[in-house]
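Reader: I have the coordinates open and want the reasoning behind the labels. Can we go through them in turn?

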Amino acid sequence: MLYLIGLGLGDEKDITLRGLEAVKKCEKVYMEAYTSLLSFGLSTDGLSTLEKLYGKLITVADREMVEEKVDSVLSEATSFDVAFLVVGDPFGATTHTDLVVRAKELGVEVKVIHNASVMNAVGICGLQLYRYGETISIPFFTDTWKPDSFYEKIQRNRELGLHTLCLLDIKVKEPTWESLCRSVQANG
């Protein structure tokens, strides 16, 4: 069984009781660490804080692992219970939806335990959730890459009188151009 468990937005204590119960019964626990960050970080101290509360060793799942090597995690979930921890809610990123689809294709049973995410916590700013239009992501620009596709979505929301939730890209162990080229050549 693969458990996708939302951790909420605050700190290690925001996990739900159902989420904590699931983590405690899992043989292996992974912490997804590239679509969002814990408020207290994933330093050694941050990981040990989670490990102490949850009573489990935690393996950090970086971008490369989640996007390219997750089959080993899914393989484990065919033999024993595996927890995949996600900051916020498991379905706040398309990456996690892809994980569920891949698990089901392999016959892995999946249980999702939801939690608070930026998508519903944004109401704290005083704007009404039902007045938000399409959410957009703003990527980091580079010297050679300055995408502008998100401008149209902001403009469309504005024309409709809707708010826009802008998610800012984070830089966490991003692949280099060299590693991307090697990957294309290896799969090519």
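Author: This is a predicted model. Strand β2 (residues 28–32) and β4 pair in the parallel sense, over 4 bridges.

Reader: What makes β2 and β4 count as a pair?

Author: The cut-off is at least two bridges between the strands. β2 and β4 have 4 bridges, so they count as a pair. One bridge links lysine 28 to valine 82 in β4.

Reader: How do you know that β1 and β4 pair?

Author: The test is again at least two bridges. β1 and β4 share 5 bridges, in the parallel sense, so the pairing holds. In β4, alanine 83 is the bridge partner of tyrosine 3.

Reader: Which strand order does the sheet have?

Author: The order is β3-β2-β4-β1-β5, in an open sheet of 5 strands with parallel pairing.

Reader: Why are β3 and β5 called edge strands?

Author: β3 (59–61) and β5 (110–113) each pair on one side only. From one strand to the next, the twist averages 25°.

Reader: What packs on the sheet?

Author: Helix α1 (residues 17–25) does, touching β1 (2–6), β2, β4 and β5. Its direction makes about 140° with that of β1. Helix α5 (residues 94–105) also packs there, touching β1, β2, β4 and β5. For α5, the angle with the direction of β1 is about 165°.

Reader: Why is β4 described as largely enclosed?

Author: Because 5 of the 5 residues of β4 are buried. Val82, Phe84 and Val86 point one way from β4. Ala83 and Leu85 point the other way.

Reader: Why does valine 86 count as buried?

Author: Buried means under 20% relative accessible area. Valine 86 has 1% relative accessibility, so it is buried. Valine 86 sits in β4 (residues 82–86). It touches Ile5, Gly6, Leu7, Glu32 and His96, leaving aside residues up to four places away in sequence.

Reader: Is asparagine 115 buried or exposed?

Author: Buried. The cut-off is under 20%, and asparagine 115 has 16% relative accessibility, so it counts as buried. Asparagine 115 lies in the loop between β5 and α6 (118–121).

Reader: What makes the reach from asparagine 115 to aspartate 14 a polar contact?

Author: The limit is 3.5 Å for a pair of N or O atoms. The side chain of asparagine 115 reaches the backbone oxygen of aspartate 14 at 2.9 Å, so the distance is within that limit. Leaving aside residues up to four places away in sequence, asparagine 115 touches residues including Gly6, Asp14, Thr16 and Asp89.

How values were computed. Residues numbered from 1 in each chain as written. Predicted model: local features only at pLDDT ≥ 70, side-chain atom pairs only at ≥ 80, totals over all residues. Heavy atoms only, no water. Helix = DSSP H or I, 4+ residues; strand = E, 2+ residues; numbered from the N terminus. Buried < 20%, exposed > 50% of the residue type's maximum accessible area, 1.4 Å probe, protein only. Contact = heavy atoms within 4.5 Å. Axes fitted to C-alpha atoms, helices over the stretch in contact; angles between N-to-C directions. Polar contact = N/O pair within 3.5 Å; in protein donor to acceptor, adjacent residues only side chain to side chain.
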